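Biologist: Got a minute to walk me through this model? I'd like the overall picture, then a few details.

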Amino acid sequence: MNDASVNAARSGLPSANVAPAAIITAAIVVVVAACLMVIYDDAIGWMLKRWQADEYNHAYMIPFVAVYLFWLRAKELQALDPVGSWLGPGIVALGLILQLLGALSAIFEIAQYGLVVSIWGVVIAAAGSRSLGLLWVPLVYLLFMVPLPNFLEARLTAGLQLLSSQIGVAVIRGAGLSVFLEGNVIDLGSYKLQVAEACSGMRYLFPLMSFGFLCAVLMRGRWWQRAILFVSTVPITILMNSFRIGIIGILVNYYGIEQAEGFLHDFEGWVIFMSCVVILFAEIWIFARIEKQKFLQIFGLDIPVLPDLTGLIASARPNRPVLASTMMLVVAAILALTVTRPPMKIPVHAPLQTFPMQIGEWEGRDLAVDPVALDTLKLADYASSVFVRPDEGAPVGLWIAYYDTQTQGVSVHSPKACLPGGGWQMESIGEYAVPDVRADGSSLRVNRALISMGDQRQLVYYWFAQRGRNITNEFAVKWYIFRDGLLMNRSDGALVRITTYVGDVSQIAEADARLQDFIRDIDPKLSYFLPGESVPFKTVSSAIDTQ
């Protein structure tokens, strides 16, 4: 029996000549690629949109690098004589389930991971589980092309902004300059620098982690050396970005605010990123010295030859798991083209711009909001006002941020992440039940935070009004967005935040009473402006280009 017959016997299919089998294999690859593009059309479109951001524009190269990593193993894979695995179709099915959940809930990150999982399934169906020892690197590397969910990215960005600001100020002080830090605002006396989201280090972190992973797998070192190389990308990013902020502060102090703007600012960013890469190479050089090897002996880019890849394709034989996986994708693609998702439900509600400025004894006035902040928040509607009672000097601030959909990159921003960036420090935060708020005498659970900046203090109550629920936990908000998107085809919601100044620690109880009185007075009004569980709807298309 010749090799072709042996392979055919293993796969359970009739014997075939090499050339026709290679043509069939190539055709299957084309069909699978086309089906994936159809099935995951919205997920891929939104992923490409996210790749335009500085944090993710390296992701365009990841699929090509993954192919290169696969190509490196082509000769070994051919020698392994891989046999398909029925585990593959099961993994493809899991990827399709993730796509379905992502489509129904309109949370595209779920579908994007489903795309990667489906690719894994097809590869395992073709090459078998025995090949994972050779192919796990390119398969795992594909995960780096999927952007983080927005709420995780926002939390990480806020944390990195504060940390980078603190270390950057330490660098400025190390140069002998007087500087004061309020949250993300660096006060140099003559100038104030706002450490924006773009300076949080996120635009370095993801590209450097991707590059660090690639360097780790290409390095011919011990496992712990590879692990150190990859993990070190995080502290390197934080420290080098903080050093950049410090240097910018020093330059601004001596040469003016132009040092923090325009081309010079961006050029400094590229210099810092390339310095991070140099540090990674320095680590590899140290490991080479430890192993008594030259740099190019322990690290180097192998150049695969084309016959390795063409030989693998020529020797490949379609097997039953691959055909089953392909048929699953074909059926799913047909369904994706013929079955349309119901239009997203957008509740009808009273515009927040008409929120009353007279509520009981409270008299209010509107407050202007920075247009840049509004553009960042991407709100559907909002209310920003301040209320005061006669014969009471301390006002109460009201901020309501409403979203008619909380998917595809927009959702409520938690004050827990936003307030520290404005210079306010959390002295305490916890859940609190405000008694006697509802008509039936029931309480309202809120987050209660005492914040301070210098000698100033504010008491803050906030909660998330989400389709008839009042929620205090940000992660619960994300769960209900997913759940209600799946079951109700809705993801609207709002953040309600009220604040008041506290003159002295002894006046905290008085401030609590003031905010609680205000909540009891405005609660009956909120139901007119924030949609509950049962409301009338208007319908809009859920396509990406309408967002």
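Modeller: Sure, starting with a term: accessible areas come from the Shrake-Rupley method with a 1.4 Å probe, and for residues only the protein chains shown count as cover. On that basis the protein exposes about 26,300 Å², with carbon and sulfur atoms supplying 64% of it. Bear in mind that this is a predicted model, where local features need pLDDT of at least 70 and side-chain atom pairs count only at pLDDT 80 or more, while totals for chains, interfaces and linings use all residues. Residues are numbered from 1 along each chain as its sequence is written, and side-chain values use heavy atoms, leaving out hydrogens and water.

Biologist: How many helices and strands does the protein have?

Modeller: There are 20 helices and 14 strands. Helices (H or I, at least four residues) and strands (E, at least two) are DSSP runs, numbered from the N terminus.

Biologist: And what share of the residues count as buried?

Modeller: 46% of the 547 residues. Buried means under 20% relative accessible area (1.4 Å probe, protein chains only).

Biologist: OK, helices. At what angle do H9 and H12 pack?

Modeller: About 55°, with the axes 7 Å apart; H9 is residues 150-174 and H12 is residues 233-255. Axes are lines fitted to C-alpha atoms, for helices over the stretch in contact, and angles run from 0 to 180 degrees between N-to-C directions. H9 and H12 are therefore oblique to each other, a label for angles that are not under 35 degrees (roughly parallel), over 145 (roughly antiparallel) or 65 to 115 (roughly perpendicular).

Biologist: Which residues of H9 make the contact?

Modeller: Among them are Leu160, Leu163 and Ile167, and the H12 side includes Ile238, Phe243 and Gly249. Contact means heavy atoms within 4.5 Å.

Biologist: What about H7 and H8, how do they cross?

Modeller: At roughly 160°, with the axes coming within 11 Å. That makes H7 roughly antiparallel to H8. Trp120, Val123, Ile124 and Ala127 of H7 meet Leu132, Leu135, Leu139 and Val140 of H8.

Biologist: Switching topic: where is Gly493 found?

Modeller: In strand E13, which covers residues 493-501. Gly493 is buried, with a relative accessible area of 2%.

Biologist: What is Gly493 in contact with?

Modeller: Leaving aside neighbours within four places in sequence, Gly493 is in contact with Ala401, Tyr402, Tyr403, Gln406, Ala465, Gln466 and Arg467. Gly493 and Asp404 are also 6.6 Å apart in space, C-alpha to C-alpha, and 89 residues apart in sequence.

Note on methods: Buried means under 20% relative accessible area, exposed over 50%, partly exposed in between (1.4 Å probe, protein chains only).
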